[in-house]
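Thanks for making the time. I have one structure to show you this morning, so please have a look at it before I start talking.

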Amino acid sequence: MADRPITTGPIRLTLMMGPQIAVPVPQQVTDALLSAQVTVASGQRSGFQLAFDLSRNGLINTGLLPAGFFDPKTRVILTATVEGTATVLMDGVIIRQEVGISNQPGQSTLTVTGEDLTVLMDLEEKAGIPFPAMGPAARVAAILSQYAQYGIVPLVVPELIPQTPMPTQRIDFQKGTDLSYVSELAKANGYVFYLDPGPLPGMSRAYWGPEVRLGIPQHALNVNMDTLSNVDQLTFAFDGTAREEPEARIQFPATRVSAILPVPEVSILRPPLALRPAPALKKKVIGDTAKKDAGQVLAETLAKAAESADAVSGSGQLDVVRYGYVLRPRELVGVRGAGITYDGLYFVKSVTHNLQRGAYTQNFTLAREGLISLTPAVVP
């Protein structure tokens, strides 16, 4: 085995693979890697695609491919090192392989596609597993503890609105796979669930909680700033119909009287980033709430309000060498040079890493709830 990474100027890409514990791939595999693409988005499963040169007499074609080295469920870890700082881009498993054979020399390829380790949580349907006297966060923690063998460390934030029923009143049962149930509980509370690979290869953080819109922002994205520009183009959009005001009705068991719950303030889930948040032009009635507990309905109403809060979006592409860093998703980043309306802090909603020999670019999307930044200045 060899662990010599792919080197592109100040950028190095390290590839590790294996049945459960990934190890550095043979040097012939590293040399055959043509491109890598990794997509990471908030609250969604991350994915990757690797393309290899499939020469007729190469090690991949003659030995590794028939031996099952690239079979589905093989673990893959990709790490990019930029200016001496290593970032684990992906820790996942292969779910599909494609072979393209060409008559032209050097044009045959092997392409493997995969997803992050949450795919392992989505393989077995489970039904009837009881969670007596356990709120959503306690249920999630119990489920995630089963995946410690893959280096997954749970980070579970307790739900904002307590929902722990007495066993004499109600017992909650799991439906579907572990992933679908954990994701359903997250959505019902206005939370997100995802795996964040790293900080070391072979480790991942399983995060269940509100979107993290606090902390130190990443290095600013500069546009239209002459020599200081590190992004060629940024596109922004303000969708006036994006935000919705949910409405839910509950019924009090003792009196059979129903009432409309007040809409919770979304800022308790996600601190505001804009001075002028978009108004809610649409109203949405949440169905099937009359027989639910008040805590459940309040959490669901808050979740619906948070789900549509981001009315302003941005998108662009950057060159990692020019930027000098790897832009990380699910964190804050500042924008400069776009004007007073769209400058300021944004939440990085998604990032797609595109790596080829001689090039490393990132496509990204940004989001916030309105116009004009609450921050007087963005740190470079």
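I will go from the overall picture to one small sheet and its helices, then to a hairpin, the cores and the salt bridges.

First, a caution: this is a predicted model. The protein has six helices and 25 strands. Along the principal axes, its C-alpha atoms fill a box of roughly 80 × 55 × 35 Å. The radius of gyration is 23 Å, which agrees with the value near 21 Å that a compact globule of 380 residues would have. Buried residues account for 47% of the 380. If you take contacts between residues at least 6 apart in sequence, 70% of them join residues at least 24 apart.

Now the small sheet. Please find β10, β13 and β12, which make an open sheet of three strands in that order, with mixed pairing. The edges are β10, residues 152-156, and β12, residues 192-197; each has a single partner strand, so one side of each is left without a neighbour in the sheet. From one strand to the next the twist averages 20°. β10 and β13, the latter being residues 204-209, run parallel and are joined by five bridges. As a landmark, look for Ile-152, with Ser-204 of β13 standing opposite.

Two helices go with this sheet. Helix α3, residues 136-144, lies across β10, β12 and β13 and runs at about 175° to β10. Helix α4, residues 178-188, also packs on the sheet, where it touches β12 and β13, and its direction makes about 120° with that of β12.

Which residues of α4 are buried? They are Asp-178, Leu-179, Tyr-181, Val-182, Leu-185 and Ala-186. For background, an α-helix has 3.6 residues a turn, so residues three or four places apart point the same way. The buried residues of α4 pack against α3, β12 and β13, and also against β9, at 126-131, and β11, at 172-176. After α4 comes Gly-190, with a positive phi near 75°.

Next, the hairpin. β6 and β7 form one with two residues between them, and Glu-83 in the turn has a positive phi of about 50°. The two strands pair in the antiparallel sense over eight bridges; Leu-78, for example, has Met-90 in β7 as its bridge partner. β7 also runs antiparallel to β8, residues 109-116, and eight bridges join those two strands. There, Val-99 stands opposite Leu-110 in β8.

That hairpin also carries a salt bridge. Asp-91 pairs with Arg-75, and their closest N and O atoms are 2.8 Å apart. Asp-91 is in β7, residues 85-100, and Arg-75 is in β6, residues 75-82, so the pair ties together parts that are 16 residues apart in sequence. Are these two residues buried or exposed? Both Asp-91 and Arg-75 are buried.

On to the nonpolar cores. The largest one has 51 residues, and those touching the most other members are Leu-15, Leu-50, Phe-52, Ile-60, Phe-70, Tyr-360 and Phe-364. Phe-364 is worth clicking on. Setting aside neighbours within four places in sequence, its contacts include Leu-221, Val-231, Leu-234, Leu-318, Leu-327 and Val-351. A second, separate core has 29 residues, among them Tyr-181, Leu-185, Leu-269 and Leu-302. Tyr-181 and Leu-185 are also on the list of buried residues in α4.

Last, the remaining salt bridges. The total count is 16. Arg-96 forms one with Glu-98, again with the closest N and O atoms 2.8 Å apart. Arg-96 is partly exposed at 48% relative accessible area, and Glu-98 is partly exposed at 38%.

Arg-322 and Asp-232 form another, with the closest N and O atoms 2.6 Å apart. This pair links distant parts of the chain, since Arg-322 sits in helix α6, residues 320-323, and Asp-232 in strand β15, residues 231-238, 90 residues apart. Arg-322 is partly exposed, at 45% relative accessible area. Asp-232 counts as exposed, because its relative accessibility is 65% and exposed means over 50%.

Finally, there is a salt-bridge network that links Glu-211, Arg-213, Arg-270, Asp-310 and Lys-349. That is the end of my list.

Key:
Residues are numbered from 1 along each chain as its sequence is written. This is a predicted model: local features need pLDDT of at least 70, side-chain atom pairs count only at pLDDT 80 or more; totals for chains, interfaces and linings use all residues. Side-chain values use heavy atoms; hydrogens and water are left out. Two strands pair if DSSP finds at least two bridges between them. Helices (H or I, at least four residues) and strands (E, at least two) are DSSP runs, numbered from the N terminus. Axes are lines fitted to C-alpha atoms, for helices over the stretch in contact, and angles run from 0 to 180 degrees between N-to-C directions. Contact means heavy atoms within 4.5 Å. A nonpolar core is a set of buried Ala, Val, Leu, Ile, Met, Phe, Trp, Tyr and Cys residues joined through side-chain atoms within 4.5 Å. Buried means under 20% relative accessible area, exposed over 50%, partly exposed in between (1.4 Å probe, protein chains only). A salt bridge is a side-chain nitrogen of Lys or Arg within 4 Å of a carboxyl oxygen of Asp or Glu. The radius of gyration is taken over C-alpha atoms; the globule rule is 2.2 Å times the number of residues to the power 0.38.
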